[in-house]
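Welcome, and thank you for opening the viewer. Let us walk through this structure one selection at a time.

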Amino acid sequence: MKETLFLFQDEKDANQFYLFVLASTFNGDVLIKGSEVRLSGYSQIKQTSLVDLIFPFVVNYYVPRVSNYLLKNAYYYHDDEIEQIVPFVLSVSSISKELHTDLSFSLYERLIYYLYTHETRGVVDMEHLYLTLFQNEDAWLEIVGYGIEEWQFELNFQEK
């Protein structure tokens, strides 16, 4: 049986992850203590089982967070526009590898690599994961830009 400890920067993120895992099809024990979430009593069916479990959390929780930040601080959009644009960023983030010429790995592939290199001792630092996947990745500014383009295309389409 496998055990993995997820360390979060604050209790709010840990609670979000805890609720996410409870709502998923995870077949092990989930315990939360402050800003730590421990998954235990599970067996990995395949090498990417852990990635497949947390990838939807990363997409649905971290992609909107980094998108909000970039839309507000790099593109200077207002909250009502940001709310409209984020779903478009979510849709293009899954195909980001095809959109960005310098991006050689998709978010999913980068998550696999991160977990493969950092989860060997059974601990995943989610703040470090966030920094590695998003803040230290210059491509996210361009990916959010593609989301803006998709949003503008949709606005033009609706006007016609």
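Before the first selection, one term will help: two residues are in contact when they have heavy atoms within 4.5 Å of each other. Keep in mind too that this is a predicted model.

**The whole chain**

Begin with everything shown as a cartoon. You should find seven helices and four strands. Following the sequence from its start, they come in the order β-α-β-β-α-α-α-α-β-α-α. Turn the view around: the C-alpha atoms fill a box of roughly 55 × 30 × 25 Å along the principal axes.

Now switch on the surface. The accessible surface of the chain is about 9400 Å², and carbon and sulfur atoms hold 52% of that. Of the 160 residues in the chain, 39% are buried. Among contacts with a separation of 6 or more, 67% join residues that are 24 or more positions apart.

**First stop: serine 67**

Select serine 67, which sits in helix 2, covering residues 49–73. Is serine 67 buried or exposed? Its relative accessibility is 0%, so it counts as buried. Which residues does serine 67 contact, once neighbours within four places in sequence are set aside? They are Val86, Val89 and Val144.

**Second stop: valine 89**

One of those partners makes a good next selection. Valine 89 belongs to helix 3, residues 79–93. Valine 89 is buried, because its relative accessibility is 0%. Show its surroundings, leaving out residues up to four places away in sequence, and you will see that valine 89 touches Val63, Ser67, Val144 and Gly147.

For a sense of distance, draw a line from the C-alpha atom of valine 89 to that of glycine 28. The two residues are 61 residues apart along the chain, and the line spans 32 Å.

**Third stop: the salt bridges**

Next, show the side chains of the charged residues. How many salt bridges are there? The count comes to three.

Go to arginine 38 and glutamate 3, where the closest N and O atoms of the salt bridge are 2.8 Å apart. Arginine 38 is in strand 3 (residues 36–42) and glutamate 3 is in strand 1 (residues 2–7), so this pair ties together parts 35 residues apart in sequence. Both ends are partly exposed: arginine 38 has a relative accessibility of 28%, and glutamate 3 has 42%.

Move on to arginine 65 and aspartate 13, whose side chains form a salt bridge with an N to O distance of 2.7 Å. Arginine 65 is part of helix 2 and aspartate 13 is part of helix 1 (residues 11–23), so the pair ties together parts 52 residues apart in sequence. Compare the two ends on the surface view. Arginine 65 is partly exposed, with 28% relative accessible area, whereas aspartate 13 is buried at 3%.

Then select lysine 72 and aspartate 79. In this salt bridge the closest N and O atoms are 3.1 Å apart. Lysine 72 is partly exposed, with a relative accessible area of 40%.

**Fourth stop: the largest pocket**

Look next for the largest pocket, which has a volume of about 260 Å³. It is lined by 11 residues, and the closest to its centre are Thr25, Phe26, Asn27, Ser49 and Leu53. Which element gives the most to the lining of this pocket? Helix 2 does, with four residues. Colour the lining by class and you get five nonpolar, five polar and one charged residues.

**Last stop: two more serines**

Select serine 40 in strand 3. Serine 40 has a relative accessible area of 11%, which is under the 20% cut-off, so it is buried. Beyond four places in sequence, serine 40 touches Lys2, Glu3, Phe26, Gly28 and Asp29. Phe26 was also among the residues closest to the centre of the largest pocket.

Finish at serine 94, in the loop between helix 3 and helix 4 (96–99). Is serine 94 buried or exposed? With a relative accessible area of 56%, serine 94 is exposed. Add valine 59 to the selection: the two are 35 residues apart in sequence, with their C-alpha atoms 8.7 Å apart in space.

Terms used:
Residues numbered from 1 in each chain as written. Predicted model: local features only at pLDDT ≥ 70, side-chain atom pairs only at ≥ 80, totals over all residues. Heavy atoms only, no water. Helix = DSSP H or I, 4+ residues; strand = E, 2+ residues; numbered from the N terminus. Buried < 20%, exposed > 50% of the residue type's maximum accessible area, 1.4 Å probe, protein only. Salt bridge = Lys/Arg side-chain N within 4 Å of Asp/Glu carboxyl O. 1 Å grid on protein atoms, 1.4 Å probe; cavity = no way out; pocket = protein on both sides within 12 Å on 5 of 7 lines; lining within 4 Å. Points joined across faces, edges and corners; volume = space filled by probe spheres on them. Nonpolar A, V, L, I, M, F, W, Y, C, P; charged D, E, K, R; others polar. Areas by Shrake-Rupley, 256 points an atom, 1.4 Å probe, with all protein chains shown as cover.
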